[in-house]
Amino acid sequence: MSKSVELARLIQSRAGDAPPEYGLILGSGLGHLAGRVDGVAIPYDDLPGFPHAGVSGHVPQLVIGQLEGRRVAVFGGRSHYYESGRPDAMRLPLEVLAALGCDRLILTNAAGSLREDMPPGSLMLLSDHIAFAGTNPLIGEKTDARFVPMTQAHDPGLRAALTAAADAEGVALPQGVYGWFSGPSFETPAEIRAAQVLGMDAVGMSTVPEIILARFLGLRCAAISVITNMGAGLSDENISHDHTKEMAPLGAAKLEKLLRRMLRDGA
Ligand code: HPA
């Protein structure tokens with residue numbers, strides 16, 4: 001039995017067999033949503049091979065249960081490329097999600113904005129991304145399945161459902177291109193200017209490897225950034241991880257409203 005199937009069985013023995021309709025991965029400072037799920041929390045430590053998400057602002061546990069009447073699997077912590085140098089650090093959790101029978105994934109992250117019309121506290125729905133970190137979580141994968149098409153990586157149906165939910169809640173949800181930087185250092189002002197020229201609207205240190213892996217596994221994906229700061233050099237505010245965690249709750253309240261609405265209205 002593969003490791004992911006073994007872990008899926010273990011999870012099912014604690015949380016029940018019904019497949020989650022949605023997987024949710026929560027970004028820095030956005031973990032409180034996991035506490036809103038009526039279900040079972042399984043610490044990553046109980047799931048051998050799951051990353052020890054070592055970044056403050058993340059709670060390393062998988063919560064499976066009901067949110068707005070839908071069965072969800074919420075990953076409270078993610079592992080970032082910069083923690084290990086491994087872009088495929090989230091492969092096992094995503095394989096487990098697929099093995100549980102889930103086929104939709106919503107990702108959230110904290111990000112820096114490159115657009116004046118998206119100040120801190122805004123949300124941005126990813127229309128597309130640029131894997132600027134220059135690596136790929138499928139390097140080393142041996143099968144031809146590695147040649148994953150990325151044309152519709154950000155699923156039009158899920159994006160439409162999120163946009164409809166945002167409209168219904170009166171939450172502004174501009175769409176934009178997310179640029180993946182490796183981190184953990186933040187960008188320089190020159191890098192941010194270059195990112196603007198390249199067509200990025202926001203920058204961050206996560207999400208893109210997970211989307212590539214999720215597409216590889218056949219999951220439909222959509223991702224939302226919570227803007228915690230302007231990109232380096234675009235404002236006078238200081239940029240730090242503490243600032244990210246402080247600012248994330250500003251957007252997190254809107255994010256929760258719109259995710260709940262989407263789950264209620266269905267997609
Ligand atoms: N850059 C990269 N990652 C981030 C930022 C940023 O400005 N803000 C929050 N995460």
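Here is a short chat about the ligand and its pocket in this predicted model.

Me: What makes G112 a polar contact of the ligand?
Reply: A backbone N or O atom of G112 lies 3.4 Å from a ligand nitrogen. The cut-off is 3.5 Å for a pair of N or O atoms, so the pair counts.

Me: And what makes E187 and N229 polar contacts of the ligand?
Reply: For E187, a side-chain N or O atom is 2.8 Å from a nitrogen of the ligand. For N229, a polar side-chain atom sits 2.7 Å from a ligand nitrogen. Both pairs are within 3.5 Å, so they pass too. As for cover, the ligand on its own exposes 260 Å², and the protein buries 96% of that.

Me: How do you know where the ligand sits?
Reply: The test is that more than half of its atoms lie within 2 Å of the grid points. The ligand is assigned to the largest pocket, so it meets that test there. That pocket has a volume of about 320 Å³ and is lined by 25 residues, with A110, F186, G204, M205 and T244 nearest its centre.

Me: Which element gives the most to the lining of the largest pocket?
Reply: Strand 5, with four residues. Strand 5 also gives the most to the shell around the ligand, with three residues.

Me: Why does the shell around the ligand have five polar residues?
Reply: The shell includes G112 and G204, and Gly counts as polar, so both go into that class. The rest of the shell is five nonpolar residues and one charged. E187 is in the shell, and Glu counts as charged, so E187 belongs to the charged class.

Terms used: Residues numbered from 1 in each chain as written. Predicted model: local features only at pLDDT ≥ 70, side-chain atom pairs only at ≥ 80, totals over all residues. Heavy atoms only, no water. Near = heavy atom within 4 Å. Polar contact = N/O pair within 3.5 Å; in protein donor to acceptor, adjacent residues only side chain to side chain. Areas by Shrake-Rupley, 256 points an atom, 1.4 Å probe, with all protein chains shown as cover. 1 Å grid on protein atoms, 1.4 Å probe; cavity = no way out; pocket = protein on both sides within 12 Å on 5 of 7 lines; lining within 4 Å. Helix = DSSP H or I, 4+ residues; strand = E, 2+ residues; numbered from the N terminus. Points joined across faces, edges and corners; volume = space filled by probe spheres on them.
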